[in-house]
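Biologist: I am new to this structure and would be grateful for a close look at one residue and its surroundings. Where does it sit, what does it touch, and how are the neighbouring elements arranged?

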Amino acid sequence: MRYRKSYPVGTLVLGGLALALMLPAPAAAQQPGGMPMPEGRLMVPSKYNFNETVSRLKQAIGQQNMMVVAEADHQAMLSMVGTQSKGMLTIEFFHPRYGKVIFENNRAAGIEVPLRLVVMEGDMGTMVSYNKPSHIFGKYKGLEGLGAELDGVLERITAAVK
Amino acid sequence: MHTKATLRRTLVLLGGALLGATVGCGGGGDGGIGPERIDKQSAYSFEETLTRLTAGIRDVNLVLVKEVDYQTMLRMVNMETEGLRSLEVFHPRYGARLFGADRSAGLEVPMRLFVRQDGDRAVVSYYRPSSVLRRYSGMGDLGRELDEVFDRMTDAATR
């Protein structure tokens with residue numbers, strides 16, 4: 001008599017699952033404190049010093065037909081409470097033509113704008129950090145295309161410091 | 001027949017492995033769970049809500065860092081809308097704690113309140129601070145403290 005061993009599907013799925021969980025997960029980019037970066041976060045090392053990086057980014061923002069809406073000088077703010085720090089600046093930027101797309105399609109996304117770049121001076125040089133627009137707007141119905149378009153804009157802006 | 005059975009077993013194993021990979025990896029430092037958004041319906045008009053919120057910001061000892069009037073900006077591209085305003089708030093005393101713990105959290109501040117007109121009322125939206133800051137090292141206490149501050153501030157503006 002031929003004996004054929006059969007494996008229940010559930011057992012096989014569990015076996016595969018157990019095997020996969022034993023494998024190391026892919027390494028995620030890490031913040032200095034050891035925690036992985038928040039999802040959608042990009043860090044771009046600049047080849048210029050802090051002031052030059054800020055200057056180049058602002059110029060690139062204008063070249064991409066965007067407007068600098070606000071700046072937050074964290075270094076200056078921290079000095080108000082007696083804390084010394086290296087250069088740290090947030091640049092907020094956007095353009096009403098993109099605002100029109102947002103408010104015509106999903107005005108709940110208004111909380112996400114203006115977009116931000118943070119320039120951080122550190123011991124190893126200057127870094128530029130931002131949240132990928134496709135990650136920001138991907139959760140809003142009707143704005144997926146905008147997110148993809150703005151990804152390209154941010155790439156071209158940050159290319160100015162690479 | 002043996003080939004079909006082998007293929008079926010292989011596919012099931014691969015499926016299980018893929019499922020395990022999806023479960024095991026998650027996404028980034030927040031495990032793929034984004035910050036928690038809070039939307040509070042105001043009992044007041046748009047203008048009254050803004051007035052109350054501005055007072056509330058002072059009352060909880062925060063600084064109004066920047067206010068953006070989207071309604072005015074959208075007129076630049078010939079779009080008429082109801083009231084839309086962004087208020088960005090923080091304070092250097094919190095900044096010192098935040099940057100002292102994890103500089104990469106700098107992207108999260110100032111924190112943003114978004115106020116939009118909703119008929120003859122308004123809605124105030126923001127991300128719960130603790131849900132924003134949990135993605136960074138050493139921010140637990142600061143996040144909880146700011147949760148209370150934001151709750152007090154927005155409740156005073158909307159109730």
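Modeller: The account below starts from one residue of chain B and then moves outward to the elements around it.

This is a predicted model, in which local features need pLDDT of at least 70 and side-chain atom pairs count only at pLDDT 80 or more, while totals for chains, interfaces and linings use all residues. Residues are numbered from 1 along each chain as its sequence is written, chains are lettered from A and ligands numbered from 1 in the order in which they are written, and side-chain values use heavy atoms, with hydrogens and water left out.

The residue is Y94(B), which belongs to helix α4 (residues 92-101) of chain B. Helices (H or I, at least four residues) and strands (E, at least two) are DSSP runs, numbered from the N terminus. Y94(B) has a relative accessibility of 4% and therefore counts as buried. Here buried means under 20% relative accessible area, exposed means over 50%, and partly exposed lies in between, with a 1.4 Å probe and protein chains only. Apart from neighbours within four places in sequence, Y94(B) has contacts with L62(B), L142(B), E145(B), L146(B) and V149(B), where contact means heavy atoms within 4.5 Å. V109(B) stands 15 residues away from Y94(B) along the chain, and 9.9 Å separates their C-alpha atoms.

V109(B) leads to a special link in the backbone. The peptide bond from V109(B) to P110(B) is cis, with omega near 0°, and P110(B) lies in the loop between α4 and β4 (111-118) of chain B. Most peptide bonds are trans, and most residues other than glycine have a negative phi. Another backbone feature of chain B is N78(B), which is not a glycine yet has a positive phi of about 60°. N78(B) is placed in the loop between α3 (70-75) and β3 (84-90) of chain B and is exposed, at a relative accessible area of 72%.

Beyond that loop, the strand β4(B) pairs with β5(B) in the antiparallel sense through 5 bridges; two strands pair if DSSP finds at least two bridges between them. In this pairing, F114(B) has S125(B) as its bridge partner in β5(B). The hairpin of β4(B) and β5(B) has 2 residues between the strands, and G119(B) takes a positive phi near 65° there. Strand β5 (residues 121-127) of chain B has 6 of its 7 residues buried, so it is largely enclosed by the rest of the structure. β5(B) also pairs with strand β1 (residues 37-42) of chain B, antiparallel over 6 bridges; K40(B) has V124(B) as its bridge partner in β5(B).

The contacts of Y94(B) include L142(B), E145(B), L146(B) and V149(B), and helix α6 of chain B covers residues 140-158. The axes of helix α2 (residues 46-59) of chain B and of α6(B) come within 8 Å and cross at roughly 150°. Axes are lines fitted to C-alpha atoms, for helices over the stretch in contact, and angles run from 0 to 180 degrees between N-to-C directions. α2(B) is therefore roughly antiparallel to α6(B), given that angles under 35 degrees count as roughly parallel, over 145 as roughly antiparallel, 65 to 115 as roughly perpendicular and the rest as oblique. α2(B) and α6(B) make a right-handed crossing: a crossing is right-handed if the near helix is turned clockwise from the far one by less than a right angle, and left-handed if anticlockwise. From α2(B), T49(B), R52(B), L53(B), G56(B) and I57(B) meet M153(B), T154(B), A156(B) and A157(B) of α6(B). Sorted by class, this contact has 5 nonpolar, 3 polar and 1 charged residues. Ala, Val, Leu, Ile, Met, Phe, Trp, Tyr, Cys and Pro count as nonpolar, Asp, Glu, Lys and Arg as charged, and the others, Gly among them, as polar.

Chain A offers a helix pair to set beside this. In chain A, the axes of helix α4 (residues 96-105) and helix α6 (residues 144-158) come within 12 Å and cross at roughly 160°, which makes α4(A) roughly antiparallel to α6(A). The crossing of α4(A) with α6(A) is left-handed. Y98(A), V101(A) and I102(A) of α4(A) form the contact with L146(A), E149(A), L150(A) and V153(A) of α6(A). A cis peptide bond, with omega about 5°, joins V113(A) to P114(A), and P114(A) lies in the loop between α4 and β4 (115-122) of chain A.
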